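These are my notebook entries on one structure. I set out to look up how its strands pair and where its nonpolar residues gather.

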Amino acid sequence: MAPPIARSPRPPPHPPQRAGQLSWGGAGPWAPQEAAAGVKLPRRGRAGERGAGRRSGARRTMAAAAAPGRARRGAPMYSQKELTSKKRDEFEDILEERRLSSDLRYAMKCYTPVIYKGLSPCKPNAIKSAVLQSEQVQYVIKQLAKEMGESPDIIQEEATEILDEMGHSMQLRAVRFFAFTLSKIFKQLFQRVCVNEEGMQRLQHAIQEHPVVLLPSHRSYVDFLMLSYLLYTYDLALPVIAAGIDFLGMKIVGELLRRAGAFFMRRSFGGNRLYWAVFAEYVKTMLRSGYAPIEFFLEGTRSRTAKTLTPKFGLLSIVMEPFFKREVFDTYLVPISISYERILEESLYAYELLGVPKPKESTSGLLKARRILSDNFGTIHIYVGQPVSLRTLASGRINWCPYNLVPRHLPQKPSEDIQEFVSDVAYKMELLQIENMVLSPWVLVAAILLQNLPAMDFELLIEKTLWLKGLTQTFGGFIEWPDNLCAKKAVMSGLTLHSNIARLVEGRVVLNDKGVEDGAIGEIVFKHALAILMCATYRNQLLNVFVRPSLVALALQMTRSFRKEEVYSCFSFLRDVFSDEFIFFPGVSLKDFEEGCFLLTKCDAIQTTQQEIYPTDKGSVLLSFLSAMFRPFVEGYQLVFRYLSKETKEAFTEKQFIPGVRNFVFQLLEKGKTQCYEVLSSDMQKNALGALVQLGAAKKKKLSSGFTYTVNQEAVNKILDMFDARIPVQKPVAARL
């Protein structure tokens with residue numbers, strides 16, 4: 001029986017509102033409805049609710065239009081639940097208690113977390129010894145010694161140095177230091193830090209049952225600090241956290257992070273077999289011991305645009321291997337959504353996207369950043385999702401034969417089925433993160449404002465914000481509306497918090513690009529782009545809610561046809577093109593199309609028959625709004641493709657491509673030939689180039705110095721013609737490119 005999570009009573013908070021949510025993965029394979037005896041948390045406040053709605057009628061298919069693809073084995077991980085009323089978890093502000101009691105007492109509290117099956121905590125040095133003595137590492141050492149003609153002792157010494165660089169050395173003293181310091185900092189920076197208590201309760205239960213892997217979204221450096229702070233607050237075992245080697249360059253701070261549970265990995269292993277073997281075995285040893293959750297970011301790095309990045313599979317594959325080799329009975333994967341009302345690095349990200357180099361992590365840089373302590377960054381919402389059983393996900397999907405026939409310690413390349421399974425799990429986890437992101441009123445304001453530049457009447461902005469709030473909830477968005485605030489005060493509150501981005505001037509809301517009229521024209525373009533990219537960071541948080549119906553709206557606009565097969569072909573083409581911009585589960589294009597159509601039908605924006613889709617008179621405003629929301633991506637990709645079709649003849653690197661396309665767009669902006677400032681973002685430029693590679697219109701070649709690209713200009717021109725509706729969009733055509 002697990003002990004209760006002791007928390008002080010709170011006044012009931014107002015919960016985020018959510019209606020009509022579509023689930024991307026069902027309730028989860030491990031979804032206990034009630035806690036075990038003794039772990040039930042006190043109830044606080046009212047749970048948010050989802051609006052009701054139900055899908056009716058037979059599921060229509062368009063097999064003739066669907067692109068051929070490889071069938072995925074077993075039961076699908078991606079599911080579309082019917083829209084049903086569902087009670088939401090409650091949120092609690094964990095900073096409220098910190099404001100009322102001593103931070104020193106909090107840091108020095110009795111901390112006795114319950115761990116996996118009551119095992120004794122494993123000392124960091126014991127983990128290192130186990131890694132060095134493991135059969136897998138010893139096998140690689142012997143193989144390398146034989147190949148290189150070196151003594152195994154020399155290779156063993158190198159492995160020890162790798163472990164010393166990599167390994168954590170968690171100490172309670174360092175944890176208490178961070179608990180005290182972060183309490184001071186978080187109370188200064190944030191108004192509230194809201195956490196779903198039921199999620200914490202589920203996590204406590206999961207940690208005692210099986211090894212746990214925490215998979216948070218990644219928008220800020222605050223993410224991993226906040227999660228450790230949260231688990232310490234709830235007396236749960238602190239995670240060991242995969243961190244970039246860059247942090248070791250921060251004097252004192254890097255060592256403090258190591259002692260708080262961070263272990264460090266190089267950005268690239270460069271084919272170093274010994275490093276890979278030591279790192280993989282280190283992670284797997286910590287997972288098998290189960291004494292602490294393992295935490296890492298599926299996205300690999302912070303998202304500079306607030307859109308979820310496509311997942312990286314390396315670490316996920318490593319933590320899943322002990323289950324594949326039957327060294328653990330099960331592993332729980334826990335998706336965690338961290339939503340910021342205002343992101344600490346918002347201006348830094350905009351500068352990076354415009355080509356200003358990222359500042360190197362350093363202690364001096366951290367000290368210089370202390371001036372942000374005088375700013376207000378609003379509220380953070382942390383939603384701890386349902387723990388997902390890897391064993392349940394793998395049921396009917398995994399062929400165990402390759403693992404049964406090969407000794408566990410021998411390095412083994414994952415089979416195609418395993419790689420596909422790892423990919424599916426990664427996308428499922430990210431979609432679960434997206435599902436539980438909390439949206440603030442400012443996100444709605446930013447989306448409307450970007451469609452009404454250079455200025456918008458304040459009263460009209462309020463009216464449109466209320467309209468978009470209802471639409472977002474209908475489409476399943478998770479909105480947090482401030483307590484007892486009318487729309488005018490909620491919008492004004494957002495403008496006040498984000499006064500560095502937009503301001504109210506004589507009854508009109510304008511972007512805060514002061515000084516834009518001064519200086520050379522290039523400087524004016526840069527300042528305006530900076531303001532737009534900062535505003536777009538918040539609009540982007542809304543795009544995941546609208547991406548599927550919006551692509552249907554764009555497809556209707558581009559095809560100028562009502563035939564469902566043609567609209568679907570265009571939808572599927574756009575989905576492929578934007579596969580690096582937005583997260584789509586692999587191989588379910590038809591389901592995504594049906595969901596988009598269903599949501600538009602629910603709003604009376606379209607009507608569908610067996611063969612056709614008709615926009616309604618009532619739906620013209622909605623379809624225009626959705627198309628306009630995604631228009632920057634369509635226009636941005638068109639500009640990148642135009643640059644590549646005309647300006648590039650020879651092979652080029654990414655470092656040559658980014659400045660080239662940026663200069664090309666700058667000239668168009670200066671001449672007034674485009675207003676698409678968002679294409680100046682290096683993120684969009686890289687994603688557009690990646691789209692051409694996936695469509696076969698560009699080739700990516702790996703050299704010793706990095707990657708080079710060559711472009712098939714005829715194929716790029718065909719894609720441009722599809723965007724411009726000069727030739728019909730058809731899957732066979734796209735597949736031939």
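Entry 1, strand pairing. I looked up strand 11 and found that it pairs with strand 14 (residues 508-511) in the antiparallel sense, over three bridges. I note that the model is a predicted one. For A455, I recorded V510 as the bridge partner in strand 14. As general background, I wrote down that strands of a sheet pair through backbone hydrogen bonds, either parallel or antiparallel.

Entry 2, the sheet. I then asked in what order the three strands of the open sheet stand. The order is 11-14-13, with antiparallel pairing. Strand 11 (455-457) and strand 13 (502-505) are at the edges and have a single partner strand each, so one side of each is left without a neighbour in the sheet. From one strand to the next, I noted an average twist of 30 degrees.

Entry 3, the helix on the sheet. I looked up which helix packs on this sheet. Helix 18 (residues 458-474) does, and it touches strand 11, strand 13 and strand 14. The direction of helix 18 makes about 80 degrees with that of strand 11.

Entry 4, nonpolar cores. I recorded 168 residues in the largest nonpolar core; F190, L203, I382, F546, F578 and F723 have the most contacts inside it. Helix 20 (residues 521-559) gives the most to this core, namely 22 residues. Apart from this core lies another of 57 residues, including I127, L132, V240 and M320.

Entry 5, one core residue. Leaving aside residues up to four places away in sequence, I found that F190 touches L95, R99, V222, M226, L344, F377, G378 and I380.

Terms used
Residues numbered from 1 in each chain as written. Predicted model: local features only at pLDDT ≥ 70, side-chain atom pairs only at ≥ 80, totals over all residues. Heavy atoms only, no water. Core = buried A, V, L, I, M, F, W, Y, C linked by side-chain atoms within 4.5 Å. Buried < 20%, exposed > 50% of the residue type's maximum accessible area, 1.4 Å probe, protein only. Helix = DSSP H or I, 4+ residues; strand = E, 2+ residues; numbered from the N terminus. Contact = heavy atoms within 4.5 Å. Pairing = 2+ DSSP bridges. Axes fitted to C-alpha atoms, helices over the stretch in contact; angles between N-to-C directions.
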